[in-house]
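User: Please take a close look at one position in this model, and say how it is placed and what surrounds it. Then follow its surroundings outward to the neighbouring elements and to the chain as a whole.

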Amino acid sequence: MSSDYFDARVRTTEPAEALEWLRTQYGRVDVQSDAGTLAERAAGDDAFALRRLSWGCRAEVVYEADRFFFATSTPGYTWRIGSVEGEYSVAPGIVQPGQELLGRADGTVVEMVAFDAAHLTEAARVIYGDDSLEVRFDGTAPVSPRLRDYWLATLRWSLTQLPLLSEPLVRAHVRRAIVAATLEAFPLAGDPRERRASALEQAAIYAAATSWMDDHASLPVTADDAARAVGTSAAGLRRAFAANAHLAVTPEAYLAQARVSAAHADLVASDPTRSSVAEIALRWGFVDVLAFVAVYRAAYRTDPQVTLER
């Protein structure tokens with residue numbers, strides 16, 4: 001889980017203050033602007049950040065990227081990277097580490113997601129099951145109008161989660177969603193057919209394993225048993241969970257959640273004069289009733305005894 005969460009904001013009409021902010025946030029940036037305002041909110045952690053940057057002025061920007069940026073905008077932000085030019089309101093674009101962006105902003109709002117290169121590479125390796133994958137993109141725009149719209153919708157949904165992004169589980173969920181959309185929508189270098197086959201295989205392993213664990217949660221089975229049942233290795237099962245799960249990112253965590261969920265159903269259905277919390281906990285593999293109470297409270301925000309007596 002990524003750490004070092006931040007939620008930073010600025011609004012200024014002072015060019016020197018705007019430049020200081022941009023250099024603090026982005027690194028090597030030079031800006032020439034006329035009178036007006038600059039405002040930005042940036043939130044995230046060491047893996048990724050969501051950013052909304054408002055230019056209430058005309059400005060010319062020179063930026064040497066040290067991260068991956070994927071951006072869209074309202075009309076008014078033209079850019080050039082090498083010999084390639086574009087306008088973020090026409091098509092979302094990429095700035096890759098080591099590239100120099102020349103931008104012209106004119107009363108526009110830019111919405112972006114920024115990824116640390118190492119974290120994006122790690123995520124791509126997990127999703128596609130390729131430990132040798134190095135993330136680079138061919139081209140600067142999404143591969144199709146349909147995937148462009150999918151990526152834009154995912155980014156805009158992600159930005160609605162800004163008030164909740166300080167919560168680690170929310171942040172992890174948002175990060176996985178925007179990483180998956182970005183890797184799918186933009187032209188990742190290499191053979192897309194091989195990557196898609198790998199991703200589909202892992203999704204199938206995940207679906208089969210979760211179904212098997214749901215069906216066998218009452219038995220003394222382990223994650224290794226689930227791996228064998230669906231025809232993969234323990235490492236392969238972990239990779240499938242890391243690539244596809246949102247909250248239970250390991251098979252062990254999913255199995256525990258399945259057992260807590262089943263115990264909850266038993267608590268709701270049981271007669272409190274004939275059953276006890278300890279009996280139901282033991283039925284679902286929780287030998288330590290105090291440990292069960294703790295995980296139940298974390299999942300359902302109440303005591304299992306209260307559920308049983310309703």
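Analyst:
**Phenylalanine 70 and its surroundings**

Phenylalanine 70 is buried, because its relative accessible area is 0%, where the limit for burial is under 20%. The model is a predicted one. The residue has its place in strand β5, which runs through residues 68–73. Once neighbours within four places in sequence are set aside, phenylalanine 70 is in contact with Gly93, Ile94, Glu111, Met112, Val113, Phe115, Phe137, Trp151, Thr182 and Phe186. A further reference point is arginine 51, which is 19 residues away along the chain from phenylalanine 70, with 10 Å between the two C-alpha atoms.

Two of these contacts lead into helices. Trp151, one of the residues touched by phenylalanine 70, is among the buried residues of helix α3, together with Leu147, Leu152, Thr154, Leu155, Ser158 and Leu159. These residues lie on the same side of α3, because they cover an arc of only 165 degrees around the axis. The face turned away from that buried side carries the exposed residues Pro145 and Arg146. What covers the buried residues of α3 includes β4, β5, β9 and α4, and the strand of phenylalanine 70, β5, is thus named in that cover. The helix itself has 16 residues, 145–160, and its end C-alpha atoms are 23 Å apart, which agrees with the 22 Å that it should span at 1.5 Å a residue.

Thr182, another contact of phenylalanine 70, is a buried residue of helix α4, in which Arg171, Ala172, Val174, Arg175, Arg176, Ala177, Ile178, Val179, Ala181, Leu183 and Ala185 are buried as well. Helix α4 comprises the 18 residues 168–185 and reaches 25 Å from its first C-alpha to its last, close to the expected 26 Å. Of its buried residues, Arg171 is also in contact with tyrosine 5, whose other partners beyond four places in sequence include Ala43, Gly44, Asp45, Leu162, Leu165 and Ser166. Tyrosine 5 sits in the segment before β1 and counts as partly exposed, because its relative accessibility is 29%, between the limits of 20% and 50%.

Strand β5 also takes part in covering helix α1: what covers the buried residues of α1 includes β1, β2, β3, β4, β5 and β9. Those buried residues are Ala18, Trp21, Leu22, Gln25 and Tyr26. They are on the same side of α1, because the arc they cover around the axis is only 100 degrees. Residues three or four places apart in an α-helix point the same way, because there are 3.6 residues a turn. The other side of α1 has Ala16, Glu20 and Thr24 exposed. For the 12 residues of α1, 15–26, the span should be 16 Å at 1.5 Å a residue, and the end C-alpha atoms are indeed 16 Å apart. Just after the helix, glycine 27 takes a positive phi of about 95 degrees.

Other positions can be set beside phenylalanine 70. Glutamine 202 belongs to helix α5, residues 192–216, and is buried, because its relative accessible area is 6%. Its contacts, not counting residues up to four places away in sequence, are Val126, Ile127, Tyr128, Gly129, Arg239, Ala240, Ala243 and Asn244. Aspartate 215 is likewise found in α5, but it is exposed, because its relative accessible area is 57%. Arginine 301, in the loop between α10 and α11, is exposed as well, because its relative accessible area is 76%, and it has a positive phi of about 60 degrees although it is not a glycine.

As for the whole chain, its secondary structure comes to 11 helices and 9 strands, and 44% of its 310 residues count as buried, phenylalanine 70 being one of the buried residues. Among contacts between residues at least 6 apart in sequence, 69% join residues at least 24 apart; the contacts of phenylalanine 70 with Trp151 and Thr182 are examples of contacts that link β5 to helices α3 and α4. The C-alpha trace spans about 75 × 40 × 30 Å along its principal axes, and the accessible surface comes to about 15400 Å², 53% of which belongs to carbon and sulfur atoms.

Methods: Residues are numbered from 1 along each chain as its sequence is written. This is a predicted model: local features need pLDDT of at least 70, side-chain atom pairs count only at pLDDT 80 or more; totals for chains, interfaces and linings use all residues. Side-chain values use heavy atoms; hydrogens and water are left out. Helices (H or I, at least four residues) and strands (E, at least two) are DSSP runs, numbered from the N terminus. Buried means under 20% relative accessible area, exposed over 50%, partly exposed in between (1.4 Å probe, protein chains only). Contact means heavy atoms within 4.5 Å. The expected span of a helix is 1.5 Å times one less than its number of residues. The arc is that of the directions from the helix axis to the C-beta atoms. Accessible areas come from the Shrake-Rupley method with a 1.4 Å probe; for residues, only the protein chains shown count as cover.
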